[in-house]
Amino acid sequence: MSIIKVKNLTKKFDKKIAVDNLSFEVEENQIFGLLGTNGAGKSTIINILTGLLLPDSGKIKILDYDIKSIEKIRKNIALVPQSISLYEDLTIYENIEFFAGMYITDNKKLNESIEKTTQQFKIKNLLHKQVGNLSGGYKRITSIACALAINPKILFFDEPLTGIDIHTNQMILQMLQQLRKKMTIIFTTHSIKEAENLCDYVFFIDKGKCFLQGKTNNIIQNFVKQYGQNIIIKFDNPKDTHKIEKYFKKSNLSISKMKYSGKNLQLNVLDPNFGIKDIFNLSKKTSIDVCDIQIKQPNLESVFNKVYKK
Ligand SMILES: Nc1ncnc2c1ncn2[C@@H]1O[C@H](COP(=O)(O)OP(=O)(O)OP(=O)(O)O)[C@@H](O)[C@H]1O
Ligand SMILES: [Mg+2]
C-alpha cells in the first residue's frame, strides 16, 4: 500500500528549477532512498513532504490526506533535518521533551518515550547536558532522538549520518533495520553503499529529475542481465580450463565473454542467479579441482556509474 503519493511535483526558486515534474510513490514500511548529487533537490523534496515548503505545482498525498491538510498529517511524521536545529541553551532532555511534547500530550507517555529513546541511543548519562556544549555527532544523535521520540508512522531522514562516528553510524543503521517493521522511512544519503544495504527502493535524482529508480535488488539484477557479472575460476591444471570452457559452451548459460589465460578462466555471465554453488556443481560433474573463485558482482555503484551522465 502506498503511504506517500507524489504526482508531477515541481518547485522553483526564482527561475531555478529545484524539483522538476517528479512522480513517485512510497510503500508502507519501505525504506525509500532518495539519492543524488549536491543540489539535486533531495532536501527540497523532503521539506515539501514535511510541510516546511510549499510546492509550485503537483499533487501530494500522505497517509491518504492531501498535503494541503498538513495539520492532519503532522502528528504522524517526523523529520531529522539536514541542518541540525536544536535549542542550544536547553539540555538534551529538554529538547526531546519540547519536540516530542508537541505531539505527545500525556505526560506519562512522554516520559516513557524519552526514557526509551535515550536508552536506545545510549545518551542517558548526557541527558542534562546543554546541547550547545555537545560535540557535532551528539547533536545529530539528539536530533534523531527528538524525531524518534514521537514514534512517527513516517520518518524523514535528511542525511542523518553526516558527522557521526563509525560505531554510532552502525548502531543507527541497525536501529533503522529494526524500525522498518513499524514505520516507513525516507532516507537521503550520499553513500550509495549505505543505500544499497539499507533501502528497499532507491530514487536517484539530478537537477530535480529522476534518472534511475526501482527496487534495489531489481536494479542490480537487471544490470547483471544486461552487462553480466565477471567471474574468474582458477584450476590446478591449466589443461582443465579447456574442458571447463567446453562445459560452459554446452551449457545453456548466457555467457557474453569467455577467456582463459594460464590456470584462469574468465567469464562474463548474464545470469544474476549464477553463483559459487553452480561452480561447485560444475567441479563435481567434471571432476576438475577448482582452486579459487572470484565473483565480481555489480553493485548499486556500478549501476550509478553506468547511467549517471554529468
Ligand atoms: N531556499 C532556497 N532559495 C533558493 N534556492 C534554493 C533554496 N533551497 C534550495 N535551493 C536550490 O535548489 C536546488 C536544490 O537544493 P537542495 O537543497 O534540495 O539539494 P540537495 O539535493 O538536498 O543537495 P545536498 O546534497 O547538497 O544537500 C539547489 O540548486 C539549491 O541551490
Ligand atoms: Mg540536502
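## Secondary structure and overall form

In this predicted model, the protein chain forms 11 helices and 14 strands. Its radius of gyration is 25 Å, whereas the globule rule gives 19 Å for 310 residues; the value is well over the rule, so the chain is more spread out than a compact globule. The C-alpha trace spans about 75 × 45 × 30 Å along its principal axes.

## Packing and contacts

Of the 310 residues in the protein chain, 46% are buried. Counting contacts between residues at least 6 apart in sequence, 66% join residues at least 24 apart.

## Surface and charge

The protein chain exposes about 16700 Å², and 48% of this area comes from carbon and sulfur atoms.

Positive side chains number 46 and negative ones 31. The centres of these two sets lie 7 Å apart.

## Magnesium site

Two side-chain atoms, OG of Ser 43 and OE1 of Gln 82, are the protein donors of the magnesium ion (ligand 2). They lie 2.0 to 2.1 Å from the ion. The pair links distant parts of the chain, with the two positions 39 residues apart in numbering. Ser 43 belongs to helix α1 (residues 42-49), while Gln 82 sits in the loop between β6 (77-80) and α3 (92-101).

Is Gln 82 buried, partly exposed or exposed? Its relative accessible area is 35%. Buried means under 20% and exposed means over 50%, so Gln 82 counts as partly exposed.

Notes
Residues are numbered from 1 along each chain as its sequence is written. Chains are lettered from A and ligands numbered from 1 in the order in which they are written. This is a predicted model: local features need pLDDT of at least 70, side-chain atom pairs count only at pLDDT 80 or more; totals for chains, interfaces and linings use all residues. Side-chain values use heavy atoms; hydrogens and water are left out. Helices (H or I, at least four residues) and strands (E, at least two) are DSSP runs, numbered from the N terminus. The radius of gyration is taken over C-alpha atoms; the globule rule is 2.2 Å times the number of residues to the power 0.38. Buried means under 20% relative accessible area, exposed over 50%, partly exposed in between (1.4 Å probe, protein chains only). Contact means heavy atoms within 4.5 Å. Accessible areas come from the Shrake-Rupley method with a 1.4 Å probe; for residues, only the protein chains shown count as cover. Lys and Arg count as positive and Asp and Glu as negative; His and the chain ends are not counted. The place of a charge is taken as NZ of Lys, CZ of Arg, CG of Asp or CD of Glu. Donors are N, O and S atoms within 2.8 Å of the metal (3.2 Å for Na, K and Ca); water is not among the atoms, so sites may look incomplete.
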